[in-house]
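Please look through the sequence and the structure below, and then follow the description from the ligand outward to the strands, the core and one loop.

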Amino acid sequence: MKHEKSPDYSGAGKLGPGGSSSMPFEYRADQRMNGRRQERFQMAQIEARGVRDRRVLEAMRSVPRHLFLPQRYSKVAYADQPLPIGYGQTVSQPYIVAYMTEALHLEGVERVLEVGTGSGYQAAVLSLMVKEVYTVETVKGLADKATKRLRELGYANVHVKWADGYSGWPEKGAFDAILGTAAPPDIPHGLLDQLRVNGRMVLPVGEWIQEILRITKASGDIRTERLLPVRFVPMIHRVKHDTL
Ligand SMILES: C[S@@+](CC[C@H](N)C(=O)[O-])C[C@H]1O[C@@H](n2cnc3c(N)ncnc32)[C@H](O)[C@@H]1O
């Protein structure tokens, strides 16, 4: 299968924020390790749980998860658990981030939409694997913080917008892949419309009972696969105001 082929990490990689640096990937990754290399590699034991895509594993090892969290959660940043990011929201556990990223079957050339920027962590992981990431967040405080953090860490190919992402980002579509990190009750038609033919959309769907679905768009046909039972925050369908 195409998405399982080994990537070339040898030099001026596609991997790396914006994919534009001529610095070797491993060196750039080490620079961002920030002293927590071992934890990051252990976190990539997600491999033992079934995540096989080398590019996903390398991206997970590269992104400094602890820098996307409030300081008080830094110590447990690499544990396989969801963690609070403020405003009553959480970042998913590393395994789920890796699982959903792998399920998108990314090859490196894609323009990807994420609904639910949160801390910006998932967007950073995606940014190392694709051409451009467009991510939408409904809580202004989170969108602002993620924008600043992603810029400071050099993830230049991530574009953040404060908006209701239930309807996607129509001006920037269509997208090769769409990732939802909040759960709508049903598959949003606006998102489907913004998915290119042959595109993949992976998102949790449901209210009390939720499942991660992968929706593949073929010309004149939509294929839906049920991947994994999960528990995500609901995808809200209106813009909230910052409460700070
Ligand atoms: C599980 S968190 C996402 C974590 C995030 N991907 C990260 O890496 O930190 C879900 C996020 O979706 C956001 N959200 C909920 N409904 C939304 C909507 N309609 N449009 C955009 N974001 C939404 C929430 O505010 C929350 O930040």
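Of the shell around the ligand, the largest share, three residues, comes from β2, and in this predicted model β2 (89-91), α5 and β4 each supply at least two residues of that shell. In total, 26 residues surround the ligand, and the closest of them are Gly116, Gly118, Ser119, Gln122 and Gly165. Sorted by class, the shell around the ligand is made up of 13 nonpolar, eleven polar and two charged residues.

One of the contributors to this shell, β4, also pairs with two strands. Strand β3 (residues 111-115) pairs with β4 in the parallel sense over five bridges, and within this pairing Val112 stands opposite Val133 in β4. Strand β5 (residues 158-162) likewise pairs with β4 in the parallel sense, over five bridges, with Lys161 in β5 as the bridge partner of Val136. The connection from β4 to β5 runs through helix α6 (residues 140-152), and this β-α-β crossover is right-handed. A right-handed β-α-β unit is also formed by β3, helix α5 (residues 121-127) and β4, where α5 is again an element that supplies residues to the shell around the ligand.

How many of the six residues of strand β4 (residues 132-137) are buried? Six of its six residues are buried, and the strand is accordingly described as mostly covered. The cover extends to both faces of β4, with Glu132, Tyr134 and Val136 buried on one side and Val133, Thr135 and Glu137 buried on the other.

Turning to the interior, the largest nonpolar core has 61 residues, and Met60 and Val125 are those with the most contacts inside it. Helix α4 (residues 94-103) provides the largest share of this core, six residues. In soluble globular proteins, nonpolar side chains tend to be buried together.

A last stop is the loop between α2 (37-43) and α3 (54-62), where Gly50 is found. Why is Gly50 classed as exposed? Gly50 is exposed because 10 other C-beta atoms lie within 10 Å, and a residue counts as exposed if that number is 12 or fewer. Although Gly50 and Tyr99 are 49 residues apart along the chain, their C-alpha atoms are separated by 8.4 Å.

Terms used:
Residues are numbered from 1 along each chain as its sequence is written. This is a predicted model: local features need pLDDT of at least 70, side-chain atom pairs count only at pLDDT 80 or more; totals for chains, interfaces and linings use all residues. Helices (H or I, at least four residues) and strands (E, at least two) are DSSP runs, numbered from the N terminus. A residue is buried if 20 or more other C-beta atoms lie within 10 Å of its own, exposed if 12 or fewer, and partly exposed in between; C-beta atoms are placed from the backbone. A nonpolar core is a set of buried Ala, Val, Leu, Ile, Met, Phe, Trp, Tyr and Cys residues joined through C-beta atoms within 7 Å. Two strands pair if DSSP finds at least two bridges between them. A crossover is right-handed if, with the strands pointing away from the viewer, the path from the first strand over the helix to the second runs clockwise. A residue is near a molecule or strand if its C-beta atom, placed from the backbone, lies within 6 Å of it. Ala, Val, Leu, Ile, Met, Phe, Trp, Tyr, Cys and Pro count as nonpolar, Asp, Glu, Lys and Arg as charged, and the others, Gly among them, as polar.
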